[in-house]
Amino acid sequence: MGKVLVIANRKGGCGKSTTTANLGVGLARQGKKTLIIDADSQHSLSISLGVKEPDNLPISLATIMSDIINDYGIDPTSGIVHHSEGVDLLPTNNSLAGMEISLAPLIGRETVLKQYIDLVKPLYDYCLIDTAPTLDLLSVNALAAADSVIIPVTPKFLDAKGLELVLRSISQIRKAINPNLDICGILLTMVDCRTIFTRDIISLVESAYGNNIRIFGEHIPHSVRAAESTAQGISIYKHDPNGKVAAAYAALTEEVLSNAA
Ligand SMILES: Nc1ncnc2c1ncn2[C@@H]1O[C@H](COP(=O)(O)OP(=O)(O)OP(=O)(O)O)[C@@H](O)[C@H]1O
Ligand SMILES: [Mg+2]
């Protein structure tokens, strides 16, 4: 049965989608059958994994969730596209933005995505879900379906303070919906260690949370290479195989694999 990891933070632009893509491809490169699900209606992950015209997709996360809401039987493999680097993707598009409204009046509105995940996870070793930087119903659905959360954080003062918000949300989800939800770890992203200020913020995060929550030993360095790979629809391993970001995401992949053992 596959392990379901959600990549979440209530802060925007902290590297959630980039981490989902490169951890997903990293796991696939290690021989793990991996599915990435784009649960953010901005659909930047789908685009960064090379989906050219997401709005023309006949099947996407929105259509699958609608079928579940309408009690139509679903084929869990439908809509999944295969990326050339070995990872599978259930893409999304603009129509997911309307899902909030469809979910709102439902009984069981927090667990619609879980019904899909329960069908698909026996087919994979890992399912990774990328989320929006809000605690909207879709993100709640992702956390309700998850075994564990990875929280990317950039070492900036307000971003580090924002960690408290996401941890509070996780604790609420645990109490109300998913008591087994675990925190896989906090991942420092876009790190530029040349400044003392960055090192101070990292120390602050480590001293505030390190006793209770794993902080991944590997930090993802800041590099324009990461942003370039997003624009090209390929992973960092392909775009800059010998670079520091590829090495950092490969090491993160190892940490996640050893955590699961
Ligand atoms: N290590 C890095 N170094 C430099 N730029 C990066 C790095 N990782 C990601 N980026 C760039 O930073 C921007 C934000 O990254 P990303 O989209 O992964 O964040 P996000 O948390 O998913 O954002 P959102 O909250 O909008 O979904 C993107 O333009 C991305 O290409
Ligand atoms: Mg994103």
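**Close-up views of the predicted model**

**View 1. Polar contacts around ligand 1.** In this predicted model, an oxygen atom of ligand 1 lies 3.2 Å from an N or O atom in the side chain of Thr230. The protein covers 80% of the 630 Å² of accessible area that ligand 1 has on its own. Backbone atoms also take part: a polar backbone atom of Ser17 is 2.8 Å from an oxygen atom of the ligand, and a polar backbone atom of Ser223 is 2.9 Å from a nitrogen atom of the ligand.

**View 2. The residues surrounding ligand 1.** Ligand 1 is surrounded by 18 residues, of which the closest are Lys16, Ser17, Thr18, Pro221 and Ser223.

**View 3. The largest nonpolar core and a second one.** The largest nonpolar core contains 52 residues, and the members that touch the most others are Met65, Tyr116, Ile129, Ile151 and Ile186. When its neighbours within four places in sequence are set aside, Ile186 is in contact with Ile151, Val153, Leu163, Val205, Tyr209, Ile213, Arg214, Ile215 and Phe216. A second core, separate from this one, has 30 residues, including Leu5, Ile150, Tyr249 and Leu257.

**View 4. A lysine over a tyrosine ring.** The charged end of Lys33 sits over the ring of Tyr124, at 4.2 Å from the centre of that ring. As for pairs between aromatic rings, with ring centres required to lie within 6.5 Å, the count is zero.

Note on methods
Residues numbered from 1 in each chain as written. Chains lettered and ligands numbered in written order. Predicted model: local features only at pLDDT ≥ 70, side-chain atom pairs only at ≥ 80, totals over all residues. Heavy atoms only, no water. Phe/Tyr/Trp six-rings, centres within 6.5 Å; stacked < 30°, edge-to-face > 60°. Lys NZ or Arg CZ within 6 Å of the ring centre and 35° of its normal. Core = buried A, V, L, I, M, F, W, Y, C linked by side-chain atoms within 4.5 Å. Buried < 20%, exposed > 50% of the residue type's maximum accessible area, 1.4 Å probe, protein only. Contact = heavy atoms within 4.5 Å. Near = heavy atom within 4 Å. Polar contact = N/O pair within 3.5 Å; in protein donor to acceptor, adjacent residues only side chain to side chain. Areas by Shrake-Rupley, 256 points an atom, 1.4 Å probe, with all protein chains shown as cover.
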